[in-house]
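Dear colleague,

I am passing on the structure we talked about, so that you can have it open while you read. Please take a moment to look it over before going on to the notes underneath.

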Amino acid sequence: MRIVRRIGDSPRMRGSLTNETCPDIFELADGNFAVIGTESTAALDGELPPDAARADYERIVVITRETLIRAKRDIPDA
């Protein structure tokens, strides 16, 4: 598994003064995406809609709205 590029602006460009522990999105060499966010599985697991499921090895993470909006321009359409 290898990170190819950041999707969106760096944490520093989004206003982080320390550039540490900030949400981030990365494209991987295999075309998948990796997300750094706040682990919120316990808080949100019971809120999933009936047609959504999470495997035991999966976690729900939260990223800020700004992180995703700034990444939009870099997310491929297909």
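Below is what was found, beginning with one glutamate and moving on to the charged pairs.

Please keep in mind throughout that this is a predicted model.

A good place to start is Glu27, which sits in strand S2, a stretch that covers residues 24–28. Glu27 counts as buried because its relative accessible area is 16%, and buried means under 20%. Its side chain makes a polar contact with the side chain of Arg5, at 2.7 Å. If you set aside the neighbours within four places in sequence, the residues in contact with Glu27 are Arg2, Ile3, Val4, Arg5, Ile7, Asn32 and Phe33.

The last of these, Phe33, belongs to strand S3, which takes in residues 33–36, and with a relative accessibility of 38% Phe33 is partly exposed. Together with Leu68 and Ile75, Phe33 forms a nonpolar patch on the surface, and the accessible area of the three together is about 250 Å².

Now to the charged pairs. Side chains of opposite charge can pair when their charged atoms come close. The count of salt bridges in this model comes to 7, and I will take you through some of them.

In one of them, the side chain of Asp24 meets that of Arg6, with 2.9 Å from N to O. This pair links distant parts of the chain, since Asp24 is in strand S2 while Arg6 is in strand S1 (residues 3–6), and the two are 18 residues apart. Asp24 is buried, at a relative accessible area of 4%, whereas Arg6 is partly exposed, at 33%.

Another salt bridge joins Asp45 and Arg54, whose closest N and O atoms are 3.0 Å apart. Here Asp45 is partly exposed, with a relative accessible area of 32%, and Arg54 is partly exposed as well, at 24%.

A further salt bridge is formed by Glu66 and Arg70, where the closest N and O atoms are 3.1 Å apart. Glu66 and Arg70 are 4 residues apart in helix H2, which spans residues 65–71, so they are separated by about one helical turn. Glu66 is partly exposed, with a relative accessible area of 36%, and Arg70 is also partly exposed, at 26%.

Which residues are linked with Glu66 and Arg70 in a network of salt bridges? They are Asp9, Arg73 and Asp74.

With best wishes

Key. Residues are numbered from 1 along each chain as its sequence is written. This is a predicted model: local features need pLDDT of at least 70, side-chain atom pairs count only at pLDDT 80 or more; totals for chains, interfaces and linings use all residues. Side-chain values use heavy atoms; hydrogens and water are left out. Buried means under 20% relative accessible area, exposed over 50%, partly exposed in between (1.4 Å probe, protein chains only). A polar contact is a pair of N or O atoms within 3.5 Å; within protein, one must be able to donate a hydrogen and the other to accept it, and residues adjacent in sequence count only if both atoms are side-chain atoms. Contact means heavy atoms within 4.5 Å. Patches are made of residues with over 30% relative accessible area and no salt bridge: like charges are joined within 9 Å, nonpolar side chains (Val, Leu, Ile, Met, Phe, Trp, Tyr) within 5 Å. Accessible areas come from the Shrake-Rupley method with a 1.4 Å probe; for residues, only the protein chains shown count as cover. A salt bridge is a side-chain nitrogen of Lys or Arg within 4 Å of a carboxyl oxygen of Asp or Glu.
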